[in-house]
Amino acid sequence: MNKLIQSLHDRLPAWAAEWVDTLVPLIEVALIVIGAWLVMRIARHVIRRLTSTYGLPVKVTTLFLRTVGVLVYGGALLWALGRLGVSGAILWTAFTGFATVGAVAFFAAWSVLSNLFCALLIYVTRSFRIGDVVELLDTGDKPGVKGQVVDINLVYTTLLESGDSQNGTSLQLPNSLFFQRPVRRWHGRAASEAILSAPPQG
């Protein structure tokens, strides 16, 4: 492609060659922007399909779209700057600087990010849903925390231990905890009996 442009550049008069030198980078930048926009449209379509298939919450969908948007538009920006003549060394230095900061932030927020990922796994694997009665065991034969799932957000799963939402007790557990310990799930009549048999709190 560069050889073709250079050949065209050499055959044109000086005034036209200057226009080519200006227009070609602008056209390339426009194509990069259009490509990034198309990639984001495809990403939105795929994520919406996944959301409808697995019943993912809106917060998870929004988080994924924003993450993909940062990656796609950030990459398009760096590519466009490179086509406009910005030094590759400068771009690489900026990229490695941002990557280093991102890596430090990633490790600093690892516990929160692990809970976000586990929230996604809970929805995708359908291990339990809102309304289910689950018990988080310390070991296979020792009773643990038991309650009805009343909320699953990006960080916590809330269990109603006794009573109701107005007069009762609830417990917030990090989502990652459900992948570190055995989970017992109660079904049908057994779920109702499990709620009724829950020991009174405090």
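Which residues make the nonpolar surface patch of about 880 Å²?

**View 1. The nonpolar surface patch of the predicted model.** In this predicted model, a patch of about 880 Å² on the surface is built from Leu23, Leu26, Ile27, Leu31, Ile34, Trp37, Leu38, Tyr73 and Leu84. Helix H2, which covers residues 14-54, contributes the largest share of the patch, with 7 residues. Leu23, one of the patch residues, is found in helix H2 and is partly exposed, because its relative accessible area of 41% falls between the 20% limit for buried and the 50% limit for exposed residues.

**View 2. The largest nonpolar core.** This core has 16 residues, and those with the most contacts inside it are Phe128, Val134, Val149, Ile152, Leu173 and Phe178. At least two of its residues are supplied by each of helix H5 (110-125), strand S1 (133-136) and strand S2 (145-152), and H5 gives the most, with 4 residues. When its neighbours within four places in sequence are left aside, Ile152 is in contact with Ile122, Tyr123, Phe128, Arg129, Ile130, Thr157 and Asn175. A second core, separate from this one and made of 7 residues, includes Val29, Ala36, Met40 and Ala76.

**View 3. The surroundings of Thr158 in strand S3.** Thr158 belongs to strand S3, which spans residues 156-163, and it is buried, since its relative accessible area of 11% is under the 20% cut-off. Apart from its neighbours within four places in sequence, Thr158 is in contact with Gln148, Val149, Val150, Asp151, Ser170, Leu171 and Gln172; among these, Val149 is also listed with the residues that have the most contacts inside the largest nonpolar core.

Methods
Residues numbered from 1 in each chain as written. Predicted model: local features only at pLDDT ≥ 70, side-chain atom pairs only at ≥ 80, totals over all residues. Heavy atoms only, no water. Patch = residues over 30% accessible without salt bridge, like charges linked within 9 Å, V, L, I, M, F, W, Y side chains within 5 Å. Areas by Shrake-Rupley, 256 points an atom, 1.4 Å probe, with all protein chains shown as cover. Salt bridge = Lys/Arg side-chain N within 4 Å of Asp/Glu carboxyl O. Buried < 20%, exposed > 50% of the residue type's maximum accessible area, 1.4 Å probe, protein only. Core = buried A, V, L, I, M, F, W, Y, C linked by side-chain atoms within 4.5 Å. Contact = heavy atoms within 4.5 Å.
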